[in-house]
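Colleague: Could you take me through one part of this model up close, and then show me how the rest fits around it? I'd like one connected walk rather than a list.

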Amino acid sequence: MSLKVDSKQRTALMFHIPAIVLLTLITMVPLIYNLRISFYDFSLTRAGSRDIFVGLENYKMILSDHEFWNSMWVTAKFVIASTFIQLVLGVIIALMLNYYSGSLNRLLTSLVMIPMMVAPLVVGLMYSFILNPQFGLYSFLVDLFHLNLSKTPLSAGGSALFVLILTDVWEWTPFMALMTLAALKAAPIEPYEAALIDGANRSQIFFRITIPLIRPVIAVSIILRGVEACKVFDKAFILTGGGPGNSTEVIDLFTYREAFVKYNFSYAAALCVVLFIIMLIFGILYWNFVIGKQSND
Amino acid sequence: MTKKALAIRRTVLIIFILFILMYLIPYFWLISTSFKTRVEAFSIPPKLIFKATIKNYRMVFIEKNFGKNLLNSMIVAFFVTSISLIVGLPSAYAFSRFRMKGDKILFFYLLGTRFTPVIVLSLPLYFIMADLRLLNSFIGIILAHSAFNIAFVVWMMKGFFDTIPKEIDESARVDGCSWLGSFFRISIPLTAHGIAATSIFCAINSWNEFLMAFILTGYKTATLPVALPGLMTPQGTFWGQIAAVGSVITIPVLIFAFIVQKYMVQGMSAGAIK
Amino acid sequence: MRKVLLVIAVFCLFITATLLVAAEQKYAGVTIRVIAEQQNPTLAMQKQIPNFEEITGIKVELEMGPMDNVVGKEMLALESGTGAYDIISIPYQFLGQLIENEYLQPLDPFLNREDLKLEDFDKSDLISGMVSASGEWKGVSYGITSNSCIMIMFYRKDIFENPEEKAAFKAKYGYELKVPVNWIQYRDLAEFFTRKPGDNLMGETLKQSFYGTSIAGKRHDAMTCEWLNYAWSFGGGIFDEKGNLIIDNPKNVEALDYFKGLVKFSPPGVTNNTWDELTTQMQQGIVAMQIQWNDCAPSIEDPETSKVVGKVGYALIPKGEVPVAHFGAWTYFIPVDAPNPEAAWLFLQWVNTYKVQKAIALEGGFPCLTSVYNDPELSEKLPYWKASLDAYEISTTRPRIPEWNIMNNEMMLELSMVISGEQTSAQALANLQKKYNDILKGKLPVAYQ
C-alpha cells in the first residue's frame, strides 16, 4: 500500500517539477537577490558601493523617508477609492446585464468587456490625449456644456489622483461586473422562488437574498482588484509620472524611480522587499479568509 | 409582462446601452484618432466626421519600423504561451489528480506570484539577466513572462481538469496506461477548449505587459508597448501614430477575447473561486 | 642591382600607400552600435550614415529614443558591462558619474594613433570650450560633443511689430514695445499678451485664449533646465565660485518666485509641460514668448507642423544681474566595454567632420566645429543662428559632478511642488539645501564641476 502512495507521490512530483524549476529561477532567485542587495549600499552615484555592506541601514532609511510614507498614503487612497467605485459600478452593471438574456446579453457583455482588454499603457495614453488642455475631447466638452470643471485636472494634486483613479475604474470595472454577473448566474433559484411566494418586494429580495449570495465572489473580487490596483504602474507612468509634485506617486512608481532613475539600487531593492512582505500579508489574509472559507463551505 | 413593465424594461435597456456606449467613448476616440491626419486630430471642435487616412499606420509601422515591434510582440507571446502551457499543464493536472505532500505550499506560492508587483521582480531580474548575458534578448523576457503566467495556467486548467470524472482516468489506468499516457491521451483532448482559452489569456497577458518588457528587452527585441513611448519626442508627440499603435495593440486582444468570452470569468478568477 | 632597388622601392611605396589608404577601411565589415537621443540633430546625422559606411565599410546600428529611456538604457548597459554599445551619447551632466564608475575610455590614446586617422577630421577645428565642457574631466578628454544646444528666447516678432499692439503697450506701460532685455520687461510683455477669447490681438478678435508665455512645469528635466536660467540670471545658482552650496540663497528664491509668477501668463496645464508641449504650443500659435532650446527652432519653422513659420524671432534670454544662456550637450563617449573601440573612434571622428556637422547644423543641431560655426550659409538660412551664436558666447554649464543626477531629481520634485502650489519657493529651496547637504556630505566645497 505504501509503495503505491510513494509512486503516486513521485509521479505527482514529476508533473510538478517543470513548474517548480521555472518558478524558482524566475521568482525565488530574484527575491533572494533583492534581499541580498538590500543589505548593501549599491548606487551608481557612488563607485564601488556595490560591495559596501550596510546591514539594515536601507530599511531604517525607508522608515524615516518622508516620501516613502507619502507614496504609501497615495497608494492607499488610490486602492481604496478605486476598488470601492469599481465595486459599486460593477455590481450595478452586472445587475443590468443579468436583467437581459440571450444574444442581447452576449452583445452587451462583449461591449462591457472591452476596457479590460485594452493594454494599461494604452489606457494611459488614451486619457492623456483626451485630457490635453488645448485639443483634447475633455476640454472641448467642458466648454461645450459650460461645466464648472478645471480644464487641466492633471495640474493639481487632488484632481490628478482622481484622474488616475478614474482611468483605473474605467479599465477594471468590467472585471467586477463580469465576476458579479457570473455569481448572479450561478446563484440558485430556490431562494428567489421562495421569497416571491412569501410576497417579498424587489428591494427586499435584493438586499436579503441577492447580496448574501454573491458576497463571497465580491469579497474575492475586492481582494484581487485591491492587490492588482497596486500594479497601476503603466498608467501612472505615462499619465502623470508621479506628479504634480508627488501627488500620484504610487508605490511601484516610487520604487521604479529609485531604481531606474536615481539608480539607488540597494535602496530600491529594500523597497521591493518591503512591498513583497506587504503583498505576502495580503496573500495570507486572502488564503485564510477566502480559500479557507471555501473549503469549509 | 404588462405593457408598462415592458416599456420600463425597454427604457432601461436604452439607457443602459447609451451608458455603455458613452463609457466606451475614450476607446472609440482612440481608434478614430488613428485614422485622422495631424491637423484633424488637433482640431477644435473635435471632428467626429472626417476623411479617414491610413497615413499614421503606414508611417509608424513601415517607416518607423514598428512592424518589427509587432513581430517581437507576436514572437514573445507565442513562446510565452507555449512554455506556460508545457510547464503549467502537467502541474495543473497533478493538482487535480494527486495529493502531494507540500502541494498546498506550492499552491500558495503560485498565488504569491500573481500578487507580486512586477517591479519587485523586474529589478533583480535585470541584474540576473545582465549577468547571464540574456539582457535585451528574447529568452529573458520570454522566461519572465512565462513564470508569471504559470500560476494562471495552473489555476485555470485545474478547474477544467476537475470537470473530467476521475473514473475515466481509472479505467485508462486499469487498461495499462501510465499517468503520463492518461494525461496526454485523455485529459488533454477532453479539455481542448479550456486549453485554447487558457492559451489566449496567456498570450493577452504577455502582449499587454509593459514594465517587465521595458526593462528586459532592448532595441531589437522591444515589444509594441515598450516601443510606444518612443513616439513622444522633443519634436512633438505623434498622437495619430500613438493611436495607430494603440489600436493595433488592442484589436487582436479584443478579437480573441470575444472568442473566449464564455471562459472570461473563469479566466479572470483563475481558480480564485471554486 | 638598380633594378632590384627600384622594385623594392616601388614595393615599399605600394605597401605604404595600401596602409595609408586602408587605415579607414581597416575595420570594414565590423558593425558598431550607437545610441543617441531621438531628435532632429540625431536624425540629421542618421541621414549621413551611408556616407560613413561607404568610407569605412563599417556598419552602424543606431538606436534612438526619448531622453529618459535612452539615459536609462545607457546607465544600465554601462553598469552591466556587457558591451552593449560601442558609442553612447549621453547628456554631459552625467560625466562625473560616468568617470566615477570608470565606465569611459579616454580619447588621447586614440587621438595619437596615426593608423586610425580619418581623412576629413581636423582636431584643431573643434571648438575647445564646447568640447571641454561636454567631454573633459580634470584635464582628460573622454568625449566629443554630439548634439549641443543652447537656451534662447523665442518670441512672436509679427505680434511685437504690430503697430496697434505697440501703441497699446506704450499706453499701458509707458515704454516702447520691443524685444525684452531684462526680466521686468519680460513679465510686462507676458502680462500684456495674455488674452481671453473675445479680446483683440493684432486687430482680430480671438476665438481662443492667447498667452504671454509658457513655462516647463512638469516634474522633469525640462523644468530644471529652464529654471536654472532664471536662477543664474538673478545672481543665484547651486554653488558659488568656491563650490559652497547656495541653493537657498535669497536670489534663488526671487528667481523661483518669478518663475512661479509666470504660471498665470501661461496656457493651463504647465505641470504637464516639457519641451514637446512648449514646442507644440508655439507651433499652434497660442504663445507670445518662450525660453527654449535652440534645437526646437527647426520644428517651429517646419511648414508641415507649425502655424507660425516665419513669424518667430530669436533673441538672448533677458538679462538679470548677469546674462546667461544654459548650454546643453549630449556627448559621444566610448565605453570601456565597447566591443569595437577603434571602429567607434573612426565614427567619432567622422561625426565631427565639416560635412556632417554642417548637415546637422542645418537641421537644428549646434556644431562643435569652428568652421561650421562661422559658416555664412548658416546665418543666412537659419533665422535662429545669430541668436544661438550670441548665446554661446555667454553660455553657462550645469554641474557635472557624480551626484548631480540625484540632485537634479530632487530639484525636479521640490520645484514641481512650488509650481503646483503645494509649497513656497523659500520652503522648496530650504528643502533642497538640506537634501543637497546630505547628498554631498563630506564633499563640500565642490571645487571641480
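Modeller: Let's start at A84(C), which sits in the loop of chain C that runs between α3 (67–80) and β3 (87–91). Please keep in mind throughout that this is a predicted model. Is A84(C) buried or exposed? Its relative accessible area is 10%, and the cut-off for buried is under 20%, so A84(C) counts as buried. Leaving out neighbours within four places in sequence, the residues in contact with A84(C) are R33(C), A77(C) and D337(C). M130(C) makes a useful landmark here: 46 residues along the chain from A84(C), with 28 Å between the two C-alpha atoms.

Now step back to chain C as a whole. The chain is divided into domain 1 (2–149 + 328–397) and domain 2 (151–327 + 401–448). Taken over C-alpha atoms, the centres of these two domains of chain C are separated by 32 Å. Where they meet, domain 1 of chain C contributes 34 residues to the contact and domain 2 of chain C contributes 28 residues.

What about the nonpolar interior? The largest nonpolar core has 338 residues. Those with the most contacts inside this core are F193(C), W227(C), Y230(C), I238(C), F347(C) and M411(C). Even so, the largest share of the core, 16 residues, is supplied by helix α7 (residues 157–186) of chain A. Both domain 1 (2–149 + 328–397) and domain 2 (151–327 + 401–448) of chain C give residues to this core, so the core lies between them.

F193(C) is a good residue to click on. Setting aside neighbours within four places in sequence, its contacts include I159(C), F160(C), L177(C), L201(C), F210(C) and Y211(C). E165(C), G212(C) and A288(C) are in contact with F193(C) as well.

Y211(C) leads us on to another loop residue, since P268(C) also touches Y211(C). P268(C) has its place in the loop between α11 and α12 (275–283) of chain C. With neighbours up to four places away in sequence not counted, P268(C) also touches P133(A), Q134(A) and T152(A) of chain A. Is P268(C) buried, exposed or partly exposed? Its relative accessibility is 34%, and partly exposed covers the range between under 20% and over 50%, so P268(C) counts as partly exposed. From P268(C) to S214(C) there are 54 residues in sequence, yet 9.1 Å in space, C-alpha to C-alpha.

Helix α11 (residues 250–261) of chain C deserves a look of its own. It packs with helix α20 (residues 425–439) of chain C at an angle of about 130 degrees, and the two axes are 9 Å apart. At that angle, α11(C) is oblique to α20(C). The crossing in which α11(C) passes α20(C) is right-handed. On the α11(C) side the contact is made by N252(C), V253(C), L256(C) and D257(C). On the α20(C) side it is made by S425(C), A426(C), A428(C) and L429(C).

Over to chain A, where T11(A) lies in helix α1 (residues 2–38). T11(A) has a relative accessible area of 18% and is therefore buried. Apart from neighbours within four places in sequence, T11(A) is in contact with F98(B) and W179(B) of chain B. Compare S49(A), which is 38 residues from T11(A) in sequence and 48 Å from T11(A) in space, C-alpha to C-alpha.

Those contacts bring us to chain B, which has 15 helices and two strands. The C-alpha trace of chain B spans about 75 × 70 × 30 Å along its principal axes. Of its 274 residues, 61% count as buried. Taking contacts in chain B between residues at least 6 apart in sequence, 75% join residues at least 24 apart.

Helix α2 (residues 25–34) of chain B is mostly covered, with eight of its 10 residues buried. Among them are W29(B), L30(B), I31(B) and S32(B).

To finish, look at helix α5 (residues 66–97) and helix α8 (residues 138–162) of chain B, whose axes come within 6 Å and cross at roughly 40 degrees. That makes α5(B) oblique to α8(B), and α5(B) passes α8(B) in a right-handed crossing.

How values were computed. Residues numbered from 1 in each chain as written. Chains lettered and ligands numbered in written order. Predicted model: local features only at pLDDT ≥ 70, side-chain atom pairs only at ≥ 80, totals over all residues. Heavy atoms only, no water. Core = buried A, V, L, I, M, F, W, Y, C linked by side-chain atoms within 4.5 Å. Buried < 20%, exposed > 50% of the residue type's maximum accessible area, 1.4 Å probe, protein only. Helix = DSSP H or I, 4+ residues; strand = E, 2+ residues; numbered from the N terminus. Domains from an automatic or database assignment. Contact = heavy atoms within 4.5 Å. Axes fitted to C-alpha atoms, helices over the stretch in contact; angles between N-to-C directions. Parallel < 35°, antiparallel > 145°, perpendicular 65-115°, else oblique. Left-handed = near helix turned anticlockwise from the far one by under 90°.
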